[in-house]
Amino acid sequence: MRCPKCGFEDSRVIDSRPSDNDSIRRRRECEQCRHRFTTYERREETPLSVIKRDGVRELFDRQKLLRGLLTATVKRNIPTSELNNFIDVLESEIRDAGKTEITSSDLGELVLKKLIDLDKVAYVRFASVYRDFKDVEEFSNELRSLSHE
């Protein structure tokens, strides 16, 4: 690790400990000028791609998903921090399954599967946009299936 003071490329680790956000905090000392500095190491993640219905691939955009969840949970008293945690868990599940790509339909179904446990009204709101109900009958069928669970 290059020293921020003198630029020397050798340093030694004095202390290492876990930090927040899945990182490791390392206290280092430059071998040349003895300047001490802190670095944070994080696991390098392979970008997660979403394959759209038309076959186009785009990077997973957590802000886009958060906007959809915020819309679905309007006036439902669900804090944004809980929605961010929801997305973290969702993203971790996809990565833990060893996937670097997921279809938008699989992603939507995964969101719905988890959202039903979080809030049933939010589930119906999200499903109405995601599943693009064509008429009231399709919407009613979804509500009936929800009430049977």
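In which hand does H3 pass H4 at their crossing? In this predicted model, the crossing turns out to be left-handed. Helix H3 covers residues 104–118 and helix H4 covers residues 120–130, and their axes come within 8 Å and cross at roughly 160 degrees. Since angles over 145 degrees count as roughly antiparallel, H3 and H4 are therefore roughly antiparallel to each other.

So who does the touching? On the H3 side, the contact is made by Ser 104, Ser 105, Gly 108, Glu 109, Val 111, Leu 112, Leu 115 and Ile 116. H4 answers with Lys 120, Ala 122, Tyr 123, Phe 126, Ala 127 and Tyr 130. Sorted by class, this contact has nine nonpolar residues, along with three polar and two charged ones.

Next comes the sheet. Three strands make it up, lined up in the order S5-S4-S6, and the sheet is open with mixed pairing. Strand S5 (57–59) and strand S6 (101–103) sit at the edges, each pairing on one side only. From one strand to the next, the twist averages 30 degrees. Strand S4 takes in residues 49–51 and runs antiparallel to S5, with three bridges joining the two. As for single residues, Val 50 has Glu 58 of S5 as its bridge partner.

Zooming out to the whole protein chain, the domain assignment gives two pieces: domain 1 (11–42) and domain 2 (49–147). Their C-alpha centres lie 39 Å apart.

How values were computed. Residues numbered from 1 in each chain as written. Predicted model: local features only at pLDDT ≥ 70, side-chain atom pairs only at ≥ 80, totals over all residues. Heavy atoms only, no water. Domains from an automatic or database assignment. Pairing = 2+ DSSP bridges. Helix = DSSP H or I, 4+ residues; strand = E, 2+ residues; numbered from the N terminus. Axes fitted to C-alpha atoms, helices over the stretch in contact; angles between N-to-C directions. Parallel < 35°, antiparallel > 145°, perpendicular 65-115°, else oblique. Left-handed = near helix turned anticlockwise from the far one by under 90°. Contact = heavy atoms within 4.5 Å. Nonpolar A, V, L, I, M, F, W, Y, C, P; charged D, E, K, R; others polar.
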